Amino acid sequence: MENRTRRTEIRQTKKESHLGQTVASLLFGTVELLLLFRLVFKLLGANKENPIVQGVYQITQYIVGLFEGIFSEISMFGIGNTAVFEPAAAIAMVAVAFVAWGVLKLLRPRQGQRYEKTLYEDPK
């Protein structure tokens, strides 16, 4: 009976890359955050003349505009301001989340190729 030692080497030939997922996550996360700010600003009746509020409304209008008219807005009048629930912003947040999920699934990093090499050594 032969007395040989066995050694197995496993090597990865390609590294996994997460750069695409990272960039897409940052992009979609930023869009979701801006849509959340828009929804909260509308709910709290933020001053439309404020430059920050104007900027958020202008940036997010392109996405929210796709969903306007599906449901009507609900307005609540208070002292000095008008709070509005904008369903289009909420629908846009859900739609962007689904698109982000799909894109991130497609950008899943490939598994690196690997091979195994088994070496048999004769004892001396």
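Glu86 and Arg38 are both buried in this predicted model. The two residues form a salt bridge, in which the closest N and O atoms are 2.9 Å apart. Glu86 is located in the loop between strand 3 (82-85) and helix 3 (87-106), whereas Arg38 belongs to helix 1, so the pair ties together parts that are 48 residues apart in sequence. The count of salt bridges comes to one. In general terms, side chains of opposite charge can pair when their charged atoms come close.

A further charged residue, Lys42, is part of helix 1, which spans residues 19-44. Its relative accessibility is 15%, and Lys42 therefore counts as buried, the limit for this class being under 20%. Although buried, Lys42 has no salt bridge. The nearest side chain of opposite charge is that of Glu86, at a distance of 4.1 Å. A salt bridge requires a side-chain nitrogen of Lys or Arg within 4 Å of a carboxyl oxygen of Asp or Glu. Glu86 is thus the nearest oppositely charged side chain to Lys42 and also the salt-bridge partner of Arg38.

The surroundings of Lys42 were examined next. Leaving aside residues up to four places away in sequence, Lys42 touches Tyr57, Thr82, Ala83, Val84 and Glu86. Strand 3 covers residues 82-85, and Glu86 is in the loop between this strand and helix 3. The C-alpha atom of Lys42 is separated by 9.6 Å from that of Ala89, a residue 47 places away along the chain.

At the level of the whole chain, the secondary structure consists of three helices and four strands. Read from the N terminus, these elements follow the order β-α-α-β-β-α-β. When contacts between residues at least 6 apart in sequence are considered, 73% join residues at least 24 apart. The protein chain has 124 residues, of which 21% are buried; Glu86 and Arg38 are buried, as is Lys42. The exposed area of the protein chain is about 9700 Å², and carbon and sulfur atoms supply 61% of this area.

Key:
Residues numbered from 1 in each chain as written. Predicted model: local features only at pLDDT ≥ 70, side-chain atom pairs only at ≥ 80, totals over all residues. Heavy atoms only, no water. Helix = DSSP H or I, 4+ residues; strand = E, 2+ residues; numbered from the N terminus. Buried < 20%, exposed > 50% of the residue type's maximum accessible area, 1.4 Å probe, protein only. Contact = heavy atoms within 4.5 Å. Areas by Shrake-Rupley, 256 points an atom, 1.4 Å probe, with all protein chains shown as cover. Lys, Arg positive; Asp, Glu negative; His and termini not counted.
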